[in-house]
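Visitor: I am new to this structure and would like a close look at a single part of it. Please take the salt bridges, and go through them one by one.

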Amino acid sequence: MLLLKILRLKHICQPSIRFCHPRIMGCDSLLDQLGSCTNEDEVFDVVGKNKAKLSVKHVGHAIHLLWQLQKERPQMLRTIDFIRKHPQFMVLRVLAENKIELMDDETLVDMLYNALRLNVEPHDSMVQQLMVEAWGRIERFNMATLSKFAVCLTDQHMYHSPIMGEITDIVSRKMEFIQDARILSSLMLSVSGMISPRLRNCLIEKAECLLDTGDSSEFNTSRRIAQFLRNIKFSYRPLLEKCNKTFLQNIKCLDADNISIILGVYQSLHFNNCDFRLAAKWRLTELLNTHTDPASFAKLFAALGPLSGLVVRERLEAATLLMVEEFNPSQTLAVIETMEEMDCRNLQLIQKVASTLLKQLDLYKPVDIARITQALLSLRCQNPELCAELRRLLVSYLHRSVVPYEVSMLTRVLSLLPAPRIDHLIIARIDAVLPQCNLSDLNALAIAITKWVRMGSSYQSGTAAVHMKLLQRLNDCGLERLQKADRMDLLLEELKYISGEWFEEVLAEETMATFKRLMDQMTGSNVPDFALFLTKANCLHTGLLDQIASVTLENINKIHYSAIYAALLPFTILNYDPPQAEEFFESCVQRIRPYLKLCDPHLLVLFGYSLALAGYFPEDIIKTIFSVDFLVKLDSQLDTLPDALNMRIRLRLMELNRAVCLECPEFQIPWFHDRYCQQLLNKDFECVLDKHQKPLPFVDQSTMLLSKKEKMPWEPDNKFIEEKQLPPGAQRVVIEFLDSKAFCKNSHHIKGETVMKKRHLEILGYHAVQIPHFEWNSMELSTKDAWVEYLKQKIFAEKS
């Protein structure tokens, strides 16, 4: 960077004289010769025989042709190293450097672009001179040339350089001159690290407009726009949906690399699209037999593995087993992380990959070592030699690292290894970066240090006090960061993945106080994220919930229909009705209603379940969810989701089905979870009282409730079984013990799931008695007699 500034200063002090040269008229035999070349040897032959005749145009065309010949070949067949080391390529580079001042703007930037694509080093004299010349002309570049120059900067990792700052400024000032979506998308991706919120919104608005009028076959344009949104961490769903539409239209043209990139972007932005996942699964399965080299297979494995079913997974694992020793370090890392995501249990493959990693460890960066360690631990890999080497590298990198994120990640992963010995250099390194850490980094460090405190006495004497002191300083840094926070959006980003003891015990109260202070910054854009945070925090704060409801109502048409579920969630989970509750729930339903066929199936199930918690059952939504077509599509989607999410959605569907059958029998929704109901009954303590409130002898009540000979409560004649099977005046009583999960973290307020369960038991004819854990375990109930008296009061007082 310093060299660039010096060269630019020299360039300004000694301005170049650019010669106007007439366009070559008539036939150019040298250009014709170059144009007829079909491989690099022929190009170099023409260059070697005509060195003295080569003009700027010939040099530019030759270098352009060399890259085009490479570009058209698969990665494994490219010969870039051969080209870069060829004597005639050196001739071309020298000629290009000597003729820079004669180049027009397009030729200049093309030369730079092609040279970088051919792996000419950024510190090479030709590249440096081209960069300086281009920087001097930057204001007069047209948008296509500016876009290509910006790509050259990103190739050199100059994302935050002064030159990129100038390009960002030009884009801001001259956006009306950008009328090509391809050029815009390239510029958006290049300047993504330097834009303001205002420019971000302008670029998104421009992209929406140009995508509507552009060529729908240009899927690379949509991919770059999606990557831009990922880079700026802004999940703007209307634009993502337009990009997704383009991907679906061009699914047959997408290769494994592009599909992998798109799926990664969607995961980062929490954008699930059932149609794309199914289409991607189909396309990748189609490509399965064509990817036989290590580079392309590793990309295919990374993309298809998490989407595939058992049969395809076994094929992928078998092929990987044969190929694993041929993977380079980046491919091995991609494969091991995909195996982690797939929850792979192929012990032979795990050990083979571990052996390959052991040979490659010295080639990885610190963060990669942390990622590898995390993956191997998740896969329960048993390789003591690899484990010891990973520990050595983690400690070594920790001794040298000065990057807060890196230190926190390395520390967290090191703490996962058995019996870690933490020396004073690691403690000093953590202590040094604490003031620079964001809340997410501090949370990772707190988890590790707390673990060391608990096991310190077992492995190292005299360290507990040192760890406690470090933990106290970490706590102070976290609280101070919250007190200084002044932007809600940034705070939400830092808190997105925080959970656990440290947050609950140290930060929770101050976090809620901070959000109350920043409450006026809640908008239609950030209200879904804040609502999700409050749900995850499991804290009831009525003022914040009221603000969520108010902002949602005010901006209901600006909130994307797929984000309505998030905005609704804390109210139903935490069992809280805001002011104007009826209007709030109805507005949420109305917002999503026109998009029932566009909603991802799993999202609509979660939305329906959330409404059911609060006792809302919109008939059109319920009947859509329990239609045959919807359930078939849901089943297909669930096969592409991670196992944990798959099971969660199936459980919510069961619970929604039960709720609808019990609370809305008039919908005539079939009951298809009989076994689930049986399992649920086995978890409740049940007794039957006669008309004098005396207990009857025990019988198996579940067989009575689920008798196949009798009608269920939701069936047409709606006759309850107990009318026939219980003595006159008798009633079933069910006693449920409520642990801490049934209540909000910061109060004794019962959550929606527990309230719904009691409601359903009462519909089934039970008298439901709920025993809170904080009453049962209180000092007042410390004897058997006290417990018995307490139960009597609960059962008989409530019943009467």
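Guide: What follows is about the salt bridges, with a short look at one helix at the end. This is a predicted model, in which local features need pLDDT of at least 70 and side-chain atom pairs count only at pLDDT 80 or more, while totals for chains, interfaces and linings use all residues. Residues are numbered from 1 along each chain as its sequence is written, and side-chain values use heavy atoms, with hydrogens and water left out.

Side chains of opposite charge can pair when their charged atoms come close. A salt bridge here is a side-chain nitrogen of Lys or Arg within 4 Å of a carboxyl oxygen of Asp or Glu. The structure holds 36 salt bridges.

One of them joins Glu337 to Arg371, with 2.7 Å between the closest N and O atoms. Glu337 belongs to helix H19 (residues 329–342) and Arg371 to helix H21 (residues 366–378), so the pair ties together parts that are 34 residues apart in sequence. Helices are DSSP runs of H or I with at least four residues, numbered from the N terminus. For accessibility, buried means under 20% relative accessible area, exposed means over 50%, and partly exposed lies in between, with a 1.4 Å probe and protein chains only. Glu337 is partly exposed at 24%, and Arg371 is partly exposed at 29%.

Another salt bridge is formed by the side chains of Arg345 and Asp343, at 2.9 Å from N to O. Arg345 has 38% relative accessibility and counts as partly exposed; Asp343, at 41%, is also partly exposed.

Glu619 and Lys623 make a salt bridge at 2.9 Å, N to O. Both residues lie in helix H34 (residues 619–625), four residues apart, which is about one turn of the helix. Glu619 is partly exposed, with a relative accessible area of 39%, and Lys623 is partly exposed at 39%. Elsewhere, salt bridges that share partners join Asp105, Glu133, Arg137 and Arg140 into one network.

Last comes the helix. In H26, the buried residues are His467, Leu470, Leu471, Leu474, Asn475, Cys477, Gly478 and Leu482. They cover an arc of only 165 degrees around the axis, so they sit on the same side of H26; the arc is that of the directions from the helix axis to the C-beta atoms. The face turned away from the buried side of H26 carries the exposed residues Ala465, Lys469 and Lys484.

Terms used. Helices (H or I, at least four residues) and strands (E, at least two) are DSSP runs, numbered from the N terminus.
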